[in-house]
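Me: I would like to work through a few side-chain and strand details of this model with you, taking the cysteines before the rings.

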Amino acid sequence: MKMRYALIATAALMICTLCISGSDASEVNSDGAEYVYETHGSGHPNYYCVITSASKVPDLLYLPSVLEGYDVRTYASHAFDGCGMETAIIPKNLKTIEDDAFTGCTSLKDVYFMGDRPEIGDSFLDGVTFHSLQDATGWTGTETIESVTADGIEYAFLPDGAVVTGGVPTEGIIMIPSKIEGRDVVRIGDYAFAGAMQDDGEVDRRNDIGQAILPEGLLSIGQRAFYYNDVADVNIPESVRDVQDEAFRACECLEEVKFSKNLRYIGFETYRDCHAIIELNIPGTVEFMGDGAFYICENLRTLKVDTDIGPRTFGYCVSLEEATLGGSVSEIGSFSFYNCENLRSVRIPDKVETIGGEAFRGCSGLRSVDLNDVREIGRMAFRGCESLRSLAIPASVETIGGYAFADCIRLTEIDAHGKAPEGNDTVFLNVDAKIHCKESYEDSWNGSGFGLEVIGDLDGDEDELPIKVIAAIAILAALSVLSCVIVMKIRRSKRS
């Protein structure tokens with residue numbers, strides 16, 4: 001099993017590199033703040049990034065510890081120009097704040113540092129007050145952040161409430177109260193219960209926590225809060241609004257995940273490598289799911305999802321057999337179901353217009369695809385779907401990307417219900433299938449360059465109305481007849 005995980009991880013790293021690497025990138029965090037950053041490094045622990053600009057920040061800003069898997073180590077000069085924040089909370093892993101990084105923040109009054117002193121240039125305007133934790137090193141002349149330890153759990157008191165910063169369990173159980181010393185507990189802080197990354201990039205898993213009982217009133221679970229932790233049972237209270245980047249990444253013992261009706265945000269790779277999860281139900285109330293949110297959840301078998309599906313979200317969920325995509329889904333991103341080799345069928349919801357590149361590539365067990373009203377099928381979207389024997393291409397399809405159905409070696413019958421979309425001779429590479437279309441569309445498909453035999457034998461008039469329009473007309477006609485009947489009865493009643 002470990003060998004299989006290693007092989008999957010190697011291939012996943014290749015995809016991940018394609019998706020997130022590069023000199024410049026951007027991310028929107030759960031509080032709406034937008035960051036532009038430069039990425040550096042080529043593997044843990046050498047991945048890091050530099051924030052070069054920020055916008056749409058709230059008055060009280062928790063700055064990120066990571067952005068799409070990259071440790072945030074530096075704030076560049078003028079990165080926060082024009083930001084209207086009054087309070088900034090700096091994560092413990094920050095190394096450098098360049099000159100003038102915050103001098104453009106004219107409203108900034110207080111900065112809370114959650115770790116040792118980073119290298120600070122001439123970075124802030126005069127009058128800004130620094131706050132630091134009592135045990136942090138390198139600080140002199142700062143205000144001390146009030147903190148307390150209760151039942152082995154450590155808390156820091158910040159302007160918006162108490163934040164859990166770490167601690168040890170009692171008999172394997174972490175129990176967080178809703179209040180500590182009269183302050184609401186609002187957040188599980190970044191890295192609070194995470195395993196420790198070593199210099200060689202390996203992570204020492206944390207194995208002393210079996211259960212985490214989180215309180216009602218908790219609003220946020222921070223970045224990498226339970227990263228590489230063997231916790232098996234974590235409740236998500238109804239009050240939680242966001243579960244941030246990599247919060248539960250590689251929690252290999254976590255068996256059940258339930259989402260509350262108030263949850264709005266699931267971050268980048270939040271549950272990646274959670275191999276014990278078997279079933280998921282992601283409601284439409286979730287407004288955002290980050291890239292790779294459930295990547296390589298190898299034992300996930302049943303999925304119901306009713307929100308947009310971003311890149312790599314369920315990639316390498318190799319045991320996934322049943323995926324129900326709800327009516328609120330309007331996006332299926334690239335690599336979203338990559339190599340889900342046991343997925344048997346999929347119905348694309350009404351609102352989806354584009355299927356991302358390689359979205360279902362390598363779904364070798366896929367036998368049935370309902371494309372619904374899709375307009376664009378991305379490059380290699382269904383490549384290698386070896387069990388697909390027949391396919392219906394709706395009239396709505398305008399573009400099919402290169403290699404979209406390449407290597408679908410058992411595909412023999414294609415029903416085309418409209419004119420040939422844009423495409424090329426790679427779309428059906430290594431496929432020996434017949435395209436069945438209406439006689440009036442035969443020339444269109446013959447001239448498409450797809451390279452398959454075309455037979456104009458599909459029934460129906462090219463000008464026939466879509467079934468939804470026909471149904472609507474039928475309903476209106478029935479209502480009209482009913483209205484006439486009622487009017488006639490009224491008239492007869494008056495005459496009598």
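Me: Why is the sulfur of cysteine 251 not in a bond with the closest cysteine sulfur, and in which residue is that sulfur?

Reply: The model is a predicted one, and a disulfide is counted here when two cysteine sulfur atoms lie within 2.5 Å. The sulfur of cysteine 251, a residue that is buried with a relative accessible area of 0%, is 5.2 Å from its closest cysteine sulfur, which is too far for a bond. That closest sulfur belongs to cysteine 274.

Me: How far from cysteine 363 is the nearest cysteine sulfur?

Reply: Cysteine 363 is likewise buried, its relative accessible area being 0%, and takes part in no disulfide. The nearest cysteine sulfur is that of cysteine 340, at a distance of 5.1 Å.

Me: Is the pair formed by the rings of phenylalanine 294 and phenylalanine 314 stacked or edge-to-face?

Reply: Planes under 30 degrees apart count as stacked, and those over 60 as edge-to-face. For phenylalanine 294 and phenylalanine 314 the ring centres are 5.7 Å apart and the planes stand at 10°, so the pair is stacked.

Me: And which arrangement do the rings of phenylalanine 130 and tryptophan 139 adopt?

Reply: Tryptophan 139 counts as buried at 14% relative accessibility. Its ring centre and that of phenylalanine 130 are 6.3 Å apart, with the planes at 85°, so the arrangement is edge-to-face.

Me: Which residue in β2 stands opposite aspartate 24?

Reply: Strand β1, residues 24-28, includes Asp24, and β1 pairs with β2 (residues 34-40) in the antiparallel sense over 5 bridges. The residue opposite aspartate 24 is glutamate 38.

Terms used
Residues are numbered from 1 along each chain as its sequence is written. This is a predicted model: local features need pLDDT of at least 70, side-chain atom pairs count only at pLDDT 80 or more; totals for chains, interfaces and linings use all residues. Side-chain values use heavy atoms; hydrogens and water are left out. Buried means under 20% relative accessible area, exposed over 50%, partly exposed in between (1.4 Å probe, protein chains only). Helices (H or I, at least four residues) and strands (E, at least two) are DSSP runs, numbered from the N terminus. Two strands pair if DSSP finds at least two bridges between them. Rings of Phe, Tyr and Trp (its six-membered ring) pair if their centres lie within 6.5 Å; planes under 30 degrees apart count as stacked, over 60 as edge-to-face and the rest as tilted.
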